[in-house]
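Student: I am new to this structure and would like to get to know one small part of it properly. Could you pick a single residue, take a close look at it, and then show me how it fits into the rest?

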Amino acid sequence: MFTGIVEELGVVTAIEPRHDAASLTVECHGVLDDVTHGASVAVNGVCLTVTSFVHPPDGAAGGDVSGPAGSSGTAAGGFTADVMLETLRRSALGDLSVGDRVNLERPVRLSDRLGGHLVQGHVDGVGVVLERVPAEHWEVVRVSLPPGLDRYLVEKGSVTVDGVSLTVVDVRAAAGGEPASFSVSLIPTTLATTTLGTRAVGDKVNIEVDVVAKYVEKLHADLNGSH
């Protein structure tokens, strides 16, 4: 379980395609502090299992990756995770390339503050950035929704975009051949410290709706079906 508060920007350093999966290697620092084999890390909102890792050299820990992998000229730390075919099909991880930055977050601990909202790391679908409207101190971004997901979003509710917990500004139903969509306001910190600051119109993003909404829907359906 995660909270959607990105800890660090990592850089993809290797992608190894396999028959029905892929091996993804990410250069990073902070999320390796207490990493173990089999640990979970959210990569752009997708919960992945660490299969191997290398700690950064002494003095290199802390902060995010400041440039392309290997640009510092020193061996960097990082981890490798397997990405199953189902995950590649149902998320935007299949579109990653070497050199891409990714949002990273470790699982929440019971003693931690819940800074965002409850995030499972189970992507519900892939949206597309439709519009970016800059303002003086923030930026409003509109993202399309796959069919059926708009019923789980409400104004001022929570949504996860590429692993970032955000507050929904508004939701538009599909109409006139246009897909359903929602908008979010990105503050300077989000723009500067996550990949959402550089997502361009047309880019794909991972979307996870609030799991509470799905449970409420199921309970409501079960109650109606029992009468």
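**A close look at Ser183**

Tutor: Let's start with Ser183, which has a relative accessibility of 3% and therefore counts as buried, since the cut-off for that word is under 20%. Please keep in mind that this is a predicted model.

Ser183 belongs to strand S11. That strand covers residues 181–186, and five of its six residues are buried, so the rest of the structure largely encloses S11.

Now look at what lies on either side of the strand. One partner is S10, made up of residues 164–172, which pairs with S11 in the antiparallel sense over four bridges. Here Asp170 stands opposite Ser183. The side chains of these two residues are also joined, by a polar contact of 2.8 Å.

The other partner to look at is S8, residues 139–144, which pairs with S11 in the antiparallel sense over six bridges. In this pairing, Ser144 is found opposite Ser181 of S11.

With both partners in mind, the contacts of Ser183 are easier to follow. Leaving aside residues up to four places away in sequence, Ser183 touches Val140, Val141, Arg142, Thr167, Val168, Val169 and Asp170. One of these, Arg142, leads us a step further out: Arg142 is the bridge partner in S8 of Glu131. The strand on that side is S7, residues 125–134, and five bridges join S7 to S8, with the two running antiparallel.

Follow the pairing all the way round and you come to a barrel: six strands close in the order S7-S8-S11-S10-S9-S12, with antiparallel pairing. On average, neighbouring strands of this sheet are turned by 45° against each other, direction ignored. As a general point, side chains in a regular strand alternate between the two faces of the sheet.

Finally, let's step back to the whole chain. The chain contains three helices and twelve strands, and 41% of its 227 residues are buried. Among the chain's contacts with a separation of 6 or more, 73% are between residues 24 or more positions apart. A compact globule of 227 residues would have a radius of gyration near 17 Å, and the 18 Å of this chain agrees with that. The C-alpha atoms fill a box of roughly 60 × 45 × 40 Å along the principal axes. On the outside, the chain exposes about 11,800 Å², of which carbon and sulfur atoms supply 55%.

Notes. Residues numbered from 1 in each chain as written. Predicted model: local features only at pLDDT ≥ 70, side-chain atom pairs only at ≥ 80, totals over all residues. Heavy atoms only, no water. Buried < 20%, exposed > 50% of the residue type's maximum accessible area, 1.4 Å probe, protein only. Pairing = 2+ DSSP bridges. Polar contact = N/O pair within 3.5 Å; in protein donor to acceptor, adjacent residues only side chain to side chain. Contact = heavy atoms within 4.5 Å. Rg over C-alpha atoms; globule rule 2.2 N^0.38 Å. Areas by Shrake-Rupley, 256 points an atom, 1.4 Å probe, with all protein chains shown as cover. Axes fitted to C-alpha atoms, helices over the stretch in contact; angles between N-to-C directions.
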